[in-house]
Structure formats: structure tokens, C-alpha cells
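Here's a walk through a protein structure for someone seeing it for the first time. Have a look at the picture, then read on.

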Amino acid sequence: MKTFTLNVNGQERKAEVEEDTPLLWVLRDHLDLVGTKFGCGMAMCGACTVHLNGEAMRSCVTPISAVGDKKVTTIEGLATDGKLTALQQAWCDLDVAQCGYCQAGQIMCATALLREKPTPTDEDIDLAMSGNLCRCATYTRIRKAIHTAAAAK
């Protein structure tokens, strides 16, 4: 085992784990940040999406040894001082979530999209979000929430 020092949601955190331990399990099991979900374990569903230096990444296939000094942001790190981001607020206002299981990963992916394209088209949204699966099929509301958040900026 090795001790890794990570910057997670703006705080220095340490975890003693094997080098090949997926970031997802470090977040959930060692740092008690359970907002990031386990879905498929193969980077195909997006439930485990977090940001590494602002870029959406699948934490289920990212070994902790690959994180280095990159800044990790989880769903718990988006809101500041208890204030939701425009995207999170749109998600709530439009009742996007049904079962909610995939929603943290959806929001993390959408946040990265809005950072890259502040006013995305439907095509941009569909392309960026295509790797995030929702078994409740809330895709129409997800797209609307992203447009609502984009308009709020």
C-alpha cells in the first residue's frame, strides 16, 4: 500500500491504498464522498463521472496512481457555501431526477460541457451526454436543464 495525497473539492486528502485502486473506490470507501456512484465499472454508463482538472472522467477506471496532482472535483464539490450551481438549480427546478442514481454523473458531465460550450446546441448536448446512461430515460429533461442553466449565465 502507498499513501496518496489528493486535492479533492479544494481540500488536501490522504488515502492509503494500492496503486491500481480506482479513484471511485478511494472517493467512496476512503474519503466518504458517496455522491459519485458505481454503475457499470467499465466507463460505459457515466454514473461515476468526476472532474480531473475540470475535465469529465470516469472514476471507475481511473487508477489512483494516475491522478497525481490533478484537482479532483466530485458532485459534493460543485455547490459553494451551500448555493447550488445554475445547473444544479435547473436540475431541481425541472425535476430532472427520477430514481436519481445516474444524476451525479449526469451533472458532472453537463458541468464540463457548459464550461467548454457555454451555450450548447441540442447536438452539442446529445454528443457530450451520450456516454451517460439514464435507465429512467430523463434525457429530454436533462437537455432542458442544460439549456436553462446556459441561459441563466
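## Two cores and a sheet

Let's begin inside: the largest nonpolar core has 20 residues, and Leu87, Trp91, Met129 and Ile146 are the ones with the most contacts within it. Keep in mind that what you're looking at is a predicted model. Four elements give two or more residues to this core, namely α2 (86-93), α3, α4 (122-129) and α5 (139-152). Helix α3 supplies the largest share, 7 residues. There's also another core apart from this one, with 15 residues, including Leu27, Leu52, Ile64 and Val67. As a bit of background, nonpolar side chains in soluble globular proteins tend to be buried together.

Leucine 87 is a nice place to zoom in. If you skip its neighbours within four places in sequence, leucine 87 is in contact with Ile107, Ala110, Thr111, Leu114, Ala145, Ile146 and Ala149.

Now for the helix around that leucine. Which residues of α2 are buried? They're Leu87, Gln88, Ala90 and Trp91. These four cover an arc of only 160° around the axis, so they sit on the same side of α2. Among the things covering the buried residues of α2 are α3 and α5. Just past the helix, α2 is followed by aspartate 95, which has a positive phi, near 50°.

Next up is the sheet. It's an open one with 5 strands, in the order β2-β1-β5-β3-β4, and its pairing is mixed. Why do β2 (11-17) and β4 (55-58) each have one side without a neighbour in the sheet? They stand at the edges and have a single partner strand each, so nothing in the sheet flanks their other side. From one strand to the next, the twist averages 45°.

Look at one pairing inside the sheet: β1 (residues 2-8) and β5 (residues 71-73) run parallel and are joined by 2 bridges. Asparagine 7 has lysine 71 of β5 as its bridge partner.

Two helices lie across this sheet. Helix α1 (residues 23-30) lies across β1, β2, β3 (49-52) and β5, and runs at about 100° to β2. Helix α3 (residues 103-116) lies across β3, β4 and β5, at about 40° to β3. So besides giving 7 residues to the largest core, α3 also lies across part of the sheet.

What about the cysteines? The disulfide count comes to 0. To count, a pair of cysteine sulfur atoms has to be within 2.5 Å. Here are two pairs, each with the closest cysteine sulfur listed:

| Cysteine | Closest cysteine sulfur in | Sulfur-to-sulfur distance |
|---|---|---|
| cysteine 48 | cysteine 60 | 3.6 Å |
| cysteine 102 | cysteine 134 | 3.8 Å |

The sulfur of cysteine 48 is too far from that of cysteine 60 for a bond, and the sulfur of cysteine 102 is likewise too far from that of cysteine 134. Cysteine 48 counts as buried because its relative accessibility is 4%. Cysteine 102 counts as buried too, at 10% relative accessibility.

Last stop: a glycine in a loop. Glycine 77 is found between β5 and α2. Is glycine 77 buried or partly exposed? With a relative accessible area of 25%, glycine 77 is partly exposed. Glycine 77 and leucine 6 are 71 residues apart in sequence, and their C-alpha atoms are 14 Å apart in space.

Key:
Residues numbered from 1 in each chain as written. Predicted model: local features only at pLDDT ≥ 70, side-chain atom pairs only at ≥ 80, totals over all residues. Heavy atoms only, no water. Pairing = 2+ DSSP bridges. Axes fitted to C-alpha atoms, helices over the stretch in contact; angles between N-to-C directions. Contact = heavy atoms within 4.5 Å. Buried < 20%, exposed > 50% of the residue type's maximum accessible area, 1.4 Å probe, protein only. Core = buried A, V, L, I, M, F, W, Y, C linked by side-chain atoms within 4.5 Å. Arc of directions from axis to C-beta.
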